[in-house]
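The following explanation leads the reader through the pockets of a protein model. Please keep the sequence and the structure in view while reading.

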Amino acid sequence: KVVVEGDQTIEFLAFDLALQLIGCIFVPVEHNCAKDKIQSFIDTTEAKAVIVVKKEEYSINNIYTHEEVFTNSKNNTIELKQDIISDNDICQMLFTTGTTGKEKGIVLTYKNVSATAESVMCGMKMEKDNIELVTSPLNHAHGLRRYYGNMYNGSTVIIQRSIMDIKSFFDNMEKYKVTAIAIVPAALTTLLKLSKNKLSEYSNQIRY
């Protein structure tokens, strides 16, 4: 298992897929997670490595920053064996936020994740030219499954760092000609309050 601090970046998503591709178990945790909380995830999962945004000391031998991993991987290649993973192998451990008590974890297999991606893709009737703005944190189930669904479909994901940055939100809508928005009800309520009727300007552009 490898604990990875979440971040709304392409690099974070690359770590996600790369770790699973080589047979590791991806354990994402929230961005700016407290040091003692990250240590608790390391202990709970018996992780072999941790990848964090900023360098800190943890009770584990293998500690890396996002930048170190991404920089060091640029000139490296790995020869993958075709049978390194199978459908029923565990590929992820996702944890709840812990806002209502101790964090609860769930294990997911490659088959689980593929089925979820298919469900999102088919359930939303995604078209191949879909361009989806993902506003949810990418370490949580919602953000990840929207990403997986679009990747499985061969379409595009735009990463939104914060729903509170209204200018960035509408800049992304305009620049990338977004056709879909992945947003939870609380975030949608915030968006509508802060932006008034501006979202209606994109009614002919947004499919869902």
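In this predicted model, the lining of the largest pocket is made up of 12 nonpolar residues and 4 polar ones, with no charged residue among them. In total, 16 residues line this pocket. Those that lie nearest its centre are A18, I22, V69, S73 and I78. The space enclosed there comes to about 470 Å³.

The lining of the largest pocket may also be read in terms of secondary structure. Two helices, α1 (10–21) and α3 (66–73), each contribute at least two residues to the lining. Of the elements involved, α1 gives the most, with 5 residues.

Attention may now turn to the second largest pocket, which holds about 310 Å³ of space. Its lining consists of 13 residues, and L17, Q20, Y110, V113 and S114 are the closest to its centre. Here the elements that supply two or more residues are α1, α4 (110–123) and α5 (141–153). The largest share of this lining, 4 residues, comes from α4.

In chemical character, the lining of the second largest pocket divides into 9 nonpolar residues, 3 polar residues and 1 charged residue. The lining of the largest pocket, by contrast, has no charged residue.

The helix α1 connects the two descriptions. It gives 5 residues to the lining of the largest pocket, and α1 is also among the elements that give two or more residues to the lining of the second largest pocket.

Definitions and conventions. Residues are numbered from 1 along each chain as its sequence is written. This is a predicted model: local features need pLDDT of at least 70, side-chain atom pairs count only at pLDDT 80 or more; totals for chains, interfaces and linings use all residues. Side-chain values use heavy atoms; hydrogens and water are left out. On a 1 Å grid over the protein atoms alone, a cavity is a set of points where a 1.4 Å probe fits but cannot get out, and a pocket is an open set with protein on both sides within 12 Å along at least five of seven lines; lining residues have an atom within 4 Å of a point. Grid points are joined across faces, edges and corners, and a volume is the space filled by probe spheres set on the points. Ala, Val, Leu, Ile, Met, Phe, Trp, Tyr, Cys and Pro count as nonpolar, Asp, Glu, Lys and Arg as charged, and the others, Gly among them, as polar.
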